[in-house]
Amino acid sequence: MSTVTTDFNDRTIEYEQLLSDFKSLLKKNSLKFTIQREVILETLYNSDEHLTPESLHHLIQEKFPDLKTGIATVYRTLSLLEDSNMVTSLSFGAQGKKYELGAKNHHDHLICTECGTITEFVDEQIEARQHHIANELGFKMQDHSMQIYGICSKCKK
């Protein structure tokens with residue numbers, strides 16, 4: 001079997017390049033570059049977790065207690081980053097979204113609907129099959145995301 005599970009925390013882009021891209025994105029959208037926005041990006045970059053806007057806000061408040069970063073700024077910045085594909089999100093229905101840096105090697109997700117645990121994996125057969133299906137149907141695939149929802153082994157016990 002060719003399924004690999006790992007932590008997928010290797011970044012595919014250096015922080016300085018990501019920061020430069022972020023500054024360009026802000027300028028393109030007529031937004032100011034602020035220390036609060038940079039801290040949001042930096043915290044996401046350095047996180048090995050999938051973060052809700054609230055947990056990201058909490059991390060920033062813990063690490064930078066004197067920096068006034070409002071939850072609305074976190075939401076707006078995440079939305080901008082997601083629209084530009086600098087971050088990606090996983091939907092948890094009524095519980096909202098969890099975000100991760102987009103500059104990581106491609107992977108898919110197993111999501112436990114009981115405890116919320118997220119397992120990242122890559123399966124080369126699934127990857128090849130998706131490309132085959134897209135080609136067969138005359139579809140030019142640019143990107144894809146697969147999320148499998150179920151119950152993890154710990155919660156099954």
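H57 counts as buried at 13% relative accessibility, where buried means under 20% relative accessible area, exposed over 50% and partly exposed in between (1.4 Å probe, protein chains only). The structure is a predicted model, in which local features need pLDDT of at least 70 and side-chain atom pairs count only at pLDDT 80 or more, whereas totals for chains, interfaces and linings use all residues. Residues are numbered from 1 along each chain as its sequence is written, and side-chain values use heavy atoms, with hydrogens and water left out. H57 is placed in helix α3, which spans residues 53–63; helices (H or I, at least four residues) and strands (E, at least two) are DSSP runs, numbered from the N terminus. When residues up to four places away in sequence are not counted, H57 touches T69, G70, I71 and V74, contact being defined as heavy atoms within 4.5 Å.

A second buried residue is I40, with a relative accessible area of 0%. I40 lies in helix α2. Its neighbours within four places in sequence aside, I40 is in contact with L56, I60, T69, T73, V74 and T77. Of these, T73 stands 33 residues from I40 along the chain, and the C-alpha atoms of the two are separated by 9.0 Å. T69 and V74 appear among the contacts of I40 and also among those of H57.

The chain as a whole contains six helices and six strands, arranged along the sequence in the pattern β-α-α-α-α-β-β-β-β-α-β-α. Its C-alpha atoms fill a box of roughly 50 × 45 × 30 Å, taken along the principal axes. Of the 157 residues, 38% count as buried. Among contacts between residues at least 6 apart in sequence, 56% join residues at least 24 apart. The accessible surface comes to about 10,000 Å², and 51% of it belongs to carbon and sulfur atoms; accessible areas come from the Shrake-Rupley method with a 1.4 Å probe, and for residues only the protein chains shown count as cover.

Charged side chains number 17 positive and 23 negative, and the centres of the two sets lie 6 Å apart. In this count Lys and Arg are positive and Asp and Glu negative, while His and the chain ends are not counted; the place of a charge is taken as NZ of Lys, CZ of Arg, CG of Asp or CD of Glu. Side chains of opposite charge can pair when their charged atoms come close. One salt bridge is found, under the criterion of a side-chain nitrogen of Lys or Arg within 4 Å of a carboxyl oxygen of Asp or Glu. K97 forms a salt bridge with E82, the closest N and O atoms being 3.1 Å apart. The pair links distant parts of the chain, with K97 in strand β3 (residues 97–101) and E82 in helix α4 (residues 71–83), 15 residues apart. K97 is partly exposed, its relative accessible area being 34%.

Two loop residues other than glycine have positive phi values: S30, near 55 degrees, and N85, near 65 degrees. S30 is found in the loop between α1 (15–28) and α2 (35–46) and counts as exposed at 68% relative accessibility. N85 is found in the loop between α4 and β2 (87–91), and is likewise exposed, at 62%.

On the surface, I133, L137 and F139 form a nonpolar patch with about 330 Å² of accessible area together. Patches are made of residues with over 30% relative accessible area and no salt bridge, like charges being joined within 9 Å and nonpolar side chains (Val, Leu, Ile, Met, Phe, Trp, Tyr) within 5 Å. I133 belongs to helix α5 (residues 124–136) and counts as partly exposed at 36% relative accessibility.
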